[in-house]
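Let's take a walk through this model, going from its packed interior out to a loop. Have the 3D view open as you read.

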Amino acid sequence: MQKEIKEMNRLLFAEKKEKGNVLEQMDDLDRKINIKQELIRVTNQQSNLLNRQINANVRSIGKLREDLELLKSEYAELIRKSYQNKSQENRLMFLLSSQNFFQAFKRLQYMEQYTKFRKKQGEDIIDKTKKLANLNSDLVEQRKVKDRLLSENRKVKKDLYKEITSQKDLLKSIRQNESKYTSAIDNKKKEARRINREIDALIRAAIASSNKGSGSASSAKFALTPEAKLIATNFSSNKGKLIWPVEKGIKSQGFGKYKDKIYPGITRENNGVTIATDKGAQARAIFEGEVITIQTNKMGVKGVYLRHGNYISMYYNLAKVYVQKGDIVSAKEPLGEIYTNRFNNATSLKFYLYQDTQKLNPENWIFQL
């Protein structure tokens, strides 16, 4: 979480202090606030866990000290008795005074057991002393970790307050120009719907084109060859383990419906995920596949569609494309350079995942997205 916050600061906020899209800043700030609140919650959990461990260690130390005192007392008594009977003559007389051979044998066994018991008592004292020292050392370290956690928590809470204040200030400035931003939100929603319609139409066209040779007229589902079935099975078996479509970045907008941060009555929807990354970064294939479509919108922004059996991964918002329709690509192979918005200097990839024409949540498929 700390790394993600650091990356957010670097990728989303570096260029937005003097210029940039205020609406995007609101979304970015909201995600950052949510992550910091989650970080505080997790840190509190860690602190409570450490408290329990510290209390358990304190109790263990108390019990060990009691055991150690008892062991030392018993050992001291053993040593006194051993000293009283230390001479070889006393031991010999103890054996010779036996009434019969069996009793002498038993007395010899007793002497050996007594010697072993005394040795074990000494070893137990050494062992418990070591355990006590280790527990004391652990306790000191745990208290240091707890102090560090509490210090980090105070810092995160302080930063969180600043973020919330900043978000309130932004909201205030937006309210002062309400008509302008309402229009901007409407335009974004219209653009998102247009892109989704284009994607749906292109996928259906690609399915229909692929199915021509198989005799199927369906534009909703791929007719799979044995090879395509194998690829689809391999793709499906890697659910939750697929690589990121960029080498380095953070998720700036997740999948699904969500309430607008400025106007909670407005619901927005993302059919994929948006990943913020560095300027000049490249989109890369998440799995081996075939390039089935290259999309270019009226602004010249491009998208690449890869087929993996009956699954399609789609990489949108590219400035340059390195592949052509029909190319077979491997996992991690660069597909194109991601477009950088010249107005706010933001570089982000829009990534979509489909099974035939069914939208999938990439967060369930890409490792730790």
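Which residues does F351 touch, not counting those up to four places away in sequence? Keep in mind that this is a predicted model. The partners of F351 are P245, G272, V273, I286, S313, M314, Y315, P362 and I366.

Zoom out a little and F351 turns up again, this time in the largest nonpolar core, a set of 29 residues. F351 is among those with the most contacts inside that core, along with F235, I286, L306, Y315, L335 and L349. As for where the core's residues come from, α6 (226-237), β4 (273-276), β7 (302-308), β8 (311-321), β10 and β11 each supply at least two. Another core, of 14 residues, lies apart from this one, and its members include I203, I292, Y305 and Y354.

Now back to one of F351's partners, S313, which sits in strand β8. S313 counts as buried because its relative accessibility is 0%. What do its polar contacts look like? The side chain of S313 pairs with that of H308 at 2.7 Å, and with the side chain of Y315 at 2.8 Å. Leaving out residues up to four places away in sequence, S313 also touches I286, V304, Y305, L306, F351, Y352 and L353, among others.

Last stop: T340, in the loop between β10 (334-338) and β11 (348-355). Is this loop residue buried or exposed? T340 is buried, since its relative accessible area of 17% falls under the 20% cut-off. Its side chain makes a polar contact of 2.7 Å with the side chain of T347. Beyond four places in sequence, T340 is in contact with K279, G280, N345, A346 and T347.

Notes
Residues numbered from 1 in each chain as written. Predicted model: local features only at pLDDT ≥ 70, side-chain atom pairs only at ≥ 80, totals over all residues. Heavy atoms only, no water. Helix = DSSP H or I, 4+ residues; strand = E, 2+ residues; numbered from the N terminus. Buried < 20%, exposed > 50% of the residue type's maximum accessible area, 1.4 Å probe, protein only. Polar contact = N/O pair within 3.5 Å; in protein donor to acceptor, adjacent residues only side chain to side chain. Contact = heavy atoms within 4.5 Å. Core = buried A, V, L, I, M, F, W, Y, C linked by side-chain atoms within 4.5 Å.
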